[in-house]
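Me: I have a structure open and I'm not sure how to read it. Could you walk me through a few features?

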Amino acid sequence: MFVLELTYTAPVERVDAVRDAHMSWVNDHYADGLFLASGRKATRDGGVVLAAGDDRARIDAVVATDPFVLAGVCAYRITSVAVTRTAPGLETLRGEPTG
């Protein structure tokens, strides 16, 4: 699993200008099964996405297509996580980290 932490690098007005395109991109990756959970930070200076899988190269390629990245309004911090313990019903999230 990967934790994708977004941090805005531009004023929120510039972020808001591409938010609809970003949300369409997010929806596409929910539909293809890559994204498991997401939301904005309470501080409203970015967001967090939980992504499935163990292929860092794929995650890097997907992140590069985010309209926020293409517009230069956000930076990503990507962390690979080995989920070893979960609440009941979330066992499928467990796995070993990569890259």
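Reply: Sure, let's go through two helices and then some charged pairs. Keep in mind that this is a predicted model.

Me: Let's start with α2. How many residues does α2 have, and what should they span?

Reply: You can check a helix by its rise per residue. At 1.5 Å a residue, the 13 residues of α2 should span 18 Å, and its end C-alpha atoms are indeed 18 Å apart, which agrees.

Me: And which residues in α2 are buried?

Reply: Buried means under 20% relative accessible area. In α2 that holds for R19, H22, W25, V26 and H29. Looking down the axis of α2, you'd find these buried residues within an arc of 120 degrees, so they line one face of the helix. D20 and A31, on the other side of α2, are exposed.

Me: What do the buried residues of α2 pack against?

Reply: Their partners are β1, α1, β2, α3, α4 and β4. Just after α2 comes G33, with a positive phi of about 85 degrees.

Me: Can we zoom in on one residue, R19? Is R19 buried or exposed?

Reply: R19 has 15% relative accessibility, so it counts as buried. Beyond its neighbours within four places in sequence, R19 is in contact with Y8, R40, R44 and F68.

Me: Now α3. Which residues are buried there?

Reply: In α3, which covers residues 56–63, the buried ones are I59, V62 and V63. They fall within an arc of 95 degrees seen down the axis of α3, so they line one face of the helix. Among the elements covering them are β1, α2 and β2.

Me: What caps the N-terminal end of α3?

Reply: That's D55, with a side-chain oxygen 3.1 Å from the backbone nitrogen of A57.

Me: Last topic: salt bridges. How many does the structure hold?

Reply: Side chains of opposite charge can pair when their charged atoms come close. Here there are six salt bridges. One of them joins K41 and E5, whose closest N and O atoms are 2.9 Å apart. K41 sits in the loop between β2 and β3 and E5 in strand β1, so this pair ties together parts that are 36 residues apart in sequence.

Me: Which salt bridge involves R19?

Reply: R19 pairs with D16, the closest N and O atoms being 2.7 Å apart. D16 is partly exposed, at 38% relative accessible area.

Me: And where do R56 and D60 lie?

Reply: Both are in α3, four residues apart, about one turn of the helix. Their side chains meet in a salt bridge at 2.9 Å, N to O.

Definitions and conventions: Residues numbered from 1 in each chain as written. Predicted model: local features only at pLDDT ≥ 70, side-chain atom pairs only at ≥ 80, totals over all residues. Heavy atoms only, no water. Buried < 20%, exposed > 50% of the residue type's maximum accessible area, 1.4 Å probe, protein only. Contact = heavy atoms within 4.5 Å. Helix = DSSP H or I, 4+ residues; strand = E, 2+ residues; numbered from the N terminus. Arc of directions from axis to C-beta. Polar contact = N/O pair within 3.5 Å; in protein donor to acceptor, adjacent residues only side chain to side chain. Expected span 1.5 Å × (residues − 1). Salt bridge = Lys/Arg side-chain N within 4 Å of Asp/Glu carboxyl O.
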